[in-house]
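Please open the model in your viewer and keep the sequence panel at hand. We will go from stop to stop, with something to select at each one.

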Amino acid sequence: MSATTDATTGTDATTTTGTDATTGTGTGAGTGAAGRADPVPLVRAAQRGDRMATQELLDLLTPYVGRLCGPIALQDGPDATQEALIVIFRSIGQLREPTALFGWARVIAVREAVRIARAAARAVPDPLDDVPARDDPQLAADVRDVLERLSPAHRAVLVLRDLEGLDEHSVSALLGVPEPTVRTRLFRARRNFRKAWER
């Protein structure tokens, strides 16, 4: 599926069955958005052109978008985060349901991260010679090294299922692939991650 995003509308150029990119419906807010303050007043104020509300909304969304883009785009995570935020704020006026903010932002963030990761076409690095103990300070860096062995599509499925806690139907709708494809990608991603980690 093409992950190209129309910069003028903030929506994906390819229609994704089951997901409304303007309302964010069909994907749910996910566990990652739980517990946040009600963003509805900020969204409505930002849609009216309130600069202070826009800045507060940016502060609210940046960590969330970064947490999604980082594991998918890896070294290009900051670039993917920036691109996703640009699309989000260019398109904020088109969000009809402010309560769906995080689900809507997630659609854009994941698609931008996958697009940028694919464009970067990173070469798969050599396998790790040694994997540190769980309490090693280099653990985070090595987890990133292991993630780098996976394709962007597999990283996206892992993030959505294991980080965001979405079900297969929601992941299928968001990525625009059949549910059996989601299951296959998730199985392969987990298997490959485990194999790389245990080296």
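## Stop one: a histidine in helix 6

Begin by selecting His154, which sits in helix 6; helices here are DSSP runs of H or I with at least four residues, strands are runs of E with at least two, and both are numbered from the N terminus. This is a predicted model, in which local features need pLDDT of at least 70 and side-chain atom pairs count only at pLDDT 80 or more, while totals for chains, interfaces and linings use all residues. Residues are numbered from 1 along each chain as its sequence is written, and side-chain values use heavy atoms, with hydrogens and water left out.

Is His154 buried or exposed? With a relative accessible area of 15%, His154 is buried. The cut-offs are under 20% relative accessible area for buried, over 50% for exposed, and partly exposed in between, using a 1.4 Å probe and protein chains only. Now show the neighbours of His154: leaving aside residues up to four places away in sequence, His154 touches Arg185, Arg188, Ala189 and Asn192. Contact means heavy atoms within 4.5 Å.

## Stop two: helix 6 against helix 7

Stay with helix 6 (residues 152-163) and add helix 7 (residues 168-175) to the selection; the two pack at an angle of about 140 degrees, and their axes are 10 Å apart. The axes are lines fitted to C-alpha atoms, for helices over the stretch in contact, and the angles run from 0 to 180 degrees between N-to-C directions. Helix 6 and helix 7 are therefore oblique to each other. On this scale, angles under 35 degrees count as roughly parallel, over 145 as roughly antiparallel, 65 to 115 as roughly perpendicular, and the rest as oblique.

Which residues meet here? From helix 6 come Ala156, Val157, Leu160 and Arg161, and from helix 7 Glu168, Val171, Leu174 and Leu175. By class, this contact of helix 6 with helix 7 has 6 nonpolar, no polar and 2 charged residues. Ala, Val, Leu, Ile, Met, Phe, Trp, Tyr, Cys and Pro count as nonpolar, Asp, Glu, Lys and Arg as charged, and the others, Gly among them, as polar.

## Stop three: salt bridges

A search of the whole structure finds 5 salt bridges, each a side-chain nitrogen of Lys or Arg within 4 Å of a carboxyl oxygen of Asp or Glu. Select Arg67 and Glu164, whose side chains meet in one of them at 3.2 Å, N to O. Arg67 lies in helix 2 and Glu164 in the loop between helix 6 and helix 7, so the pair ties together parts that are 97 residues apart in sequence. Arg67 is partly exposed at a relative accessible area of 29%, whereas Glu164 is buried at 0%.

Keep Glu164 and add Arg106: their side chains also form a salt bridge, at 3.1 Å, N to O. Arg106 belongs to helix 4, so this pair ties together parts that are 58 residues apart in sequence. Arg106 counts as buried, at 0% relative accessibility. Shown together, Arg67, Arg106 and Glu164 are linked in a network of salt bridges.

Next, move along to Glu112, which forms a salt bridge with Arg115, the closest N and O atoms being 2.6 Å apart. Glu112 and Arg115 are 3 residues apart in helix 4, so about one helical turn separates them. Glu112 is buried, with a relative accessible area of 2%, and Arg115 is partly exposed, with 30%.

## Stop four: the loop after helix 2

Select Leu74, found in the loop between helix 2 (51-73) and helix 3 (77-91). Although it is not a glycine, Leu74 has a positive phi of about 55 degrees. Leu74 counts as buried, at 4% relative accessibility.

Asp76 is in the loop between helix 2 and helix 3 and counts as buried at 11% relative accessibility. Add Ile116: Asp76 and Ile116 are 40 residues apart in sequence and 7.2 Å apart in space, C-alpha to C-alpha.

## Last stop: helix 1

Finish with helix 1 (residues 40-47), where Val40, Leu42, Val43, Ala45 and Ala46 are buried. What covers the buried residues of helix 1? The cover includes helix 2 and helix 4. Then select Gly49, which follows helix 1 and has a positive phi, near 95 degrees.
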